[in-house]
Amino acid sequence: MSENPTVKNSCSFCMKEDYQVDKLIKGPSDDIYICNECIKLCNSVLGGTKSDSSTGSSIEKAPIGKPKVNMKPMDIYKHLNDFIIGQDEAKKTLSVSVYNHYKKINNEIDGDITLDKSNILLVGPTGTGKTLLAKTLAKILDVPFTIADATTLTESGYVGADAESILSSLYQSANQDMDLAEKGIIYIDEIDKISRKSENPSLTRDVSGEGVQQALLKLLEGTKVNITPQGGRRHPQQDGIEFNTERVLFICGGSFEGMTKKNEIGFNSKKVEKDSEIKKIVPEDLRKFGLIPELIGRLPVIVQLNLLDESDLIRVLTEPKNSLYNQYKTLFELDNMSLKLEPDTLPAIARETLKRKTGARGLRSIMEDILTEVMFEAPSRSDILGVTIPAEAVSDKSKVRWIKKVMKEKKTINE
């Protein structure tokens, strides 16, 4: 740690500051440092072995929890309910699929029976919780997790991040424990954005669409790939380490805009929003959208997420263990202040989110819009006990009410 608390030293390689790592070792001059994580990484690249912490070496293996991959479907579902509002059918399907996946890799199957991988495709509009579901599953099971954006991937040999670089990210998230990494979860977002432009196979190479789909096939199926420990592309002369994707659970997500709605008839047809009216997706729909049949076959579990309504958004704001309202209340409490939303404020925030069509993720931007000016000013004011947010503050931030101290009367008033 820094000797002077006002000065934050950082690793000269990864740029992490002293509070973000376990150890920061000073170099030959005052402005050069290396952290314990970069030392471990260098040791791995050079072929060195991981030292036992009992030897007193500065290369320490980060503590890793034992994966909880034996949880039953109902247990997984109950834990998901603590963090995810609504989407009951999706949570049940995910719970069963995840349970079956880890049951397969934890048991040897005798005879001629081969259990295929249960990779998952999440389909739903933006803000319905696709990424949150994948993150929460990894947290519940205590397994490594990484996210990749399909739109940033390219075929091997082209400029950009190739599909195999995802494995290096998962390896890093497992603190370079290969056995643990191979039991991890990879979430590939925006998978619908790499659909080919037509149903006919392309006669030319497609760097960001069909070509990437082809590159993902062997990873999803289960194969052994040489990766670089530190990530990035592996040069032909560069040594790599073997990563077997057979046990990795791949979850892909996409909005597939327009595919889940039934055709509307007539000039005054109402927009389809009810769960009962959402079209059930089948593999043929995915093929017509532009996913190649081989990729569809490697994503056998299709999970559809529904649009959240006003009541769902209110629950998202308040009910989860890590709800947005609780997060902001905690931020104010750290400054010894209170934050109160009036009863009509929650529905007003939910309605504004529905107007913006941003789903649950839009709730944070609205809260930030309301509270940014308050959070800027409040920490510098000693006369403030807290703030109250009325419904009208959603459209007019000046309506936020300060709760001020009244020293003489020893009571509080609303400004």
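1. Partly exposed describes a residue whose relative accessible area falls between two limits: under 20% is buried and over 50% is exposed. Glutamate 377 has a relative accessible area of 32%, so glutamate 377 is partly exposed. The model discussed here is a predicted one, and the points below apply these classes to several of its residues.

2. Glutamate 377 has a charged partner. Its salt bridge is with arginine 381, and the closest N and O atoms of the two are 2.9 Å apart. A second pair belongs in this point: lysine 404 and aspartate 383 form a salt bridge whose closest N and O atoms lie 3.9 Å apart. This second pair links distant parts of the chain, 21 residues apart. Lysine 404 is in strand 14 (residues 401-406), while aspartate 383 is in the loop between helix 13 (362-377) and strand 13 (384-389).

3. Are the two residues of that second pair buried, exposed or partly exposed? Lysine 404 has a relative accessibility of 23% and counts as partly exposed. Aspartate 383, at 26%, is partly exposed as well. Glu377, Arg381, Asp383 and Lys404 are joined into one network by salt bridges that share partners.

4. How many salt bridges does a search of the whole structure find? The count is 17. One further pair is made by the side chains of glutamate 310 and arginine 351, at 3.6 Å from N to O. Glutamate 310 belongs to helix 10 and arginine 351 to helix 12 (residues 345-356), so this salt bridge ties together parts of the chain that are 41 residues apart in sequence. Glutamate 310 is partly exposed, with 27% relative accessibility. Arginine 351 is also partly exposed, with a relative accessible area of 41%.

5. Serine 323 is a case from the buried class. Where is serine 323 placed? It sits in the loop between helix 10 (310-318) and helix 11 (324-333). Its relative accessibility is 1%, and the limit for buried is under 20%, so serine 323 counts as buried. Setting aside neighbours within four places in sequence, serine 323 is in contact with Val316, Leu317 and Thr318.

6. Methionine 74 falls in the opposite class. This residue is part of helix 2 (residues 73-83). Its relative accessibility is 60%, and the limit for exposed is over 50%, so methionine 74 counts as exposed. Lysine 92 is 18 residues from methionine 74 in sequence, and the C-alpha atoms of the two are 8.0 Å apart in space.

7. Asparagine 100 offers a similar pairing to check in the model. Asparagine 100 lies in helix 3 (residues 88-105). With a relative accessible area of 31%, asparagine 100 is partly exposed. Proline 73 is 27 residues away from asparagine 100 along the chain, and 8.8 Å separates their C-alpha atoms.

8. The last point concerns the surface. Which residues make the nonpolar surface patch of about 270 Å²? They are Ile109, Ile113 and Leu115. Isoleucine 109 is located in the loop between helix 3 and strand 3 (120-123). Isoleucine 109 has a relative accessible area of 39% and is partly exposed. Residues in a patch must have over 30% relative accessible area, and the 39% of isoleucine 109 is in line with that.

How values were computed:
Residues are numbered from 1 along each chain as its sequence is written. This is a predicted model: local features need pLDDT of at least 70, side-chain atom pairs count only at pLDDT 80 or more; totals for chains, interfaces and linings use all residues. Side-chain values use heavy atoms; hydrogens and water are left out. Helices (H or I, at least four residues) and strands (E, at least two) are DSSP runs, numbered from the N terminus. Buried means under 20% relative accessible area, exposed over 50%, partly exposed in between (1.4 Å probe, protein chains only). Contact means heavy atoms within 4.5 Å. Patches are made of residues with over 30% relative accessible area and no salt bridge: like charges are joined within 9 Å, nonpolar side chains (Val, Leu, Ile, Met, Phe, Trp, Tyr) within 5 Å. Accessible areas come from the Shrake-Rupley method with a 1.4 Å probe; for residues, only the protein chains shown count as cover. A salt bridge is a side-chain nitrogen of Lys or Arg within 4 Å of a carboxyl oxygen of Asp or Glu.
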